[in-house]
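This briefing describes the sheets and helices of the structure shown below. Please keep the sequence and the model at hand while reading.

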2 protein chains.
Amino acid sequence: MGCPRRGRTIPFVPMSIVRRLDHTRYRVNDLEKSVKFYQEVLGLEEVKRHKSPRGSELAFLKAPESDELIELCHFPNSGPVEVQEDLTHLAFIVDSLEEFGKHLDSIGVKFSDGPTMKPDGSGGFAFVDAPEGYEVELIERR
Amino acid sequence: MGCPRRGRTIPFVPMSIVRRLDHTRYRVNDLEKSVKFYQEVLGLEEVKRHKSPRGSELAFLKAPESDELIELCHFPNSGPVEVQEDLTHLAFIVDSLEEFGKHLDSIGVKFSDGPTMKPDGSGGFAFVDAPEGYEVELIERR
């Protein structure tokens, strides 16, 4: 998927360090609800779904220009998910916060914070609440 | 940084969806301890550090072949970080779990789980505990 892995130039990486980030994993209580949010609100594509060896149900989601995936995991044996406030977020690039805001309006979702535009005109950022206490940041860079 | 953004082919992405994942953010209690872990154990590079508008201290870390960054955030105003067990992890690709294990041995760090190699010879996975309850998965794919 990623350009450096597609052929040609593979950089030298010592075996003692990691090569690349593959995915970020968030465990959730309600897998379908979360998958729906990341699909409908952010536009991510579900690219893979399977059961792990220990029996957790995994859905992998992808942004159009990203190699790295988001792994949503349902594994009730670990107990109910409780995400502490202000613990973690996923930050995505959008072309325009204004246009993305119109999309949110059209599906009845509101920014939880912002958009906050930088005074120098270089873009801005905003937040949306994802299900179960997770957060998503949207960044516009000009 | 990323290939599709470097020129030539920029895919059409409607303004209503996100373009790409920029970073995953984890808040931590001890920023220096976490930065040291991601640098020394995983080999990530600190590429940026600054204070956010609300006063949080941010360090951005990068794997050699990744566009996406890890944002480590120190913001004591949000209270002490408490990461629920089995909540989230970052998964990185390594060339060889065996070689990576030798590196861990050399710095006195142990896998918390695995390596578990797949019976079909297609690789395997292992885990390492990161500071403050976060987890890291290492994946070898053949």
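Which strands of chain B does helix H2 (residues 97-106) of chain B lie across? Helix H2 of chain B lies across E6, strand E7 (123-129) and strand E8 (135-141) of chain B, running at about 140° to E8(B). This is a predicted model, in which local features need pLDDT of at least 70 and side-chain atom pairs count only at pLDDT 80 or more, while totals for chains, interfaces and linings use all residues. Residues are numbered from 1 along each chain as its sequence is written, and chains are lettered from A and ligands numbered from 1 in the order in which they are written.

**Terms**
- Helices (H or I, at least four residues) and strands (E, at least two) are DSSP runs, numbered from the N terminus.
- Two strands pair if DSSP finds at least two bridges between them.
- Axes are lines fitted to C-alpha atoms, for helices over the stretch in contact (C-beta atoms, placed from the backbone, within 7 Å); angles run from 0 to 180 degrees between N-to-C directions.

**Sheet beginning with E2(A)**
- An open sheet of 8 strands, with mixed pairing, follows the order E2(A)-E3(A)-E4(A)-E1(A)-E5(B)-E8(B)-E7(B)-E6(B).
- Its edge strands, each pairing on one side only, are E2 (45-51) of chain A and E6 (113-117) of chain B.
- The twist from one strand to the next averages 20°.
- Strands E1 (residues 20-27) and E4 (residues 69-74) of chain A run parallel and are joined by 5 bridges; A:Thr24 stands opposite A:Ile70 in E4(A).
- Helix H1 (residues 31-40) of chain A packs on this sheet, where it touches E2, strand E3 (57-62) and E4 of chain A, and its direction makes about 160° with that of E4(A).

**Sheet beginning with E6(A)**
- Another open sheet has 8 strands in the order E6(A)-E7(A)-E8(A)-E5(A)-E1(B)-E4(B)-E3(B)-E2(B), again with mixed pairing.
- At its edges are E6 (113-117) of chain A and E2 (45-51) of chain B, each pairing on one side only.
- Strands E7 (residues 123-129) and E8 (residues 135-141) of chain A run antiparallel, with 7 bridges between them; A:Gly123 has A:Arg141 in E8(A) as its bridge partner.
- Helix H2 (residues 97-106) of chain A lies across E6, E7 and E8 of chain A, at about 140° to E8(A).

**Residue B:Gln84**
- B:Gln84 lies in the loop between E4 and strand E5 (88-93) of chain B.
- B:Gln84 is partly exposed because 16 other C-beta atoms lie within 10 Å, where 20 or more would make a residue buried and 12 or fewer exposed, with C-beta atoms placed from the backbone.
- B:Gln84 and B:Thr116 are 32 residues apart in sequence and 24 Å apart in space, C-alpha to C-alpha.

Note on methods: Contact = placed C-beta atoms within 7 Å.
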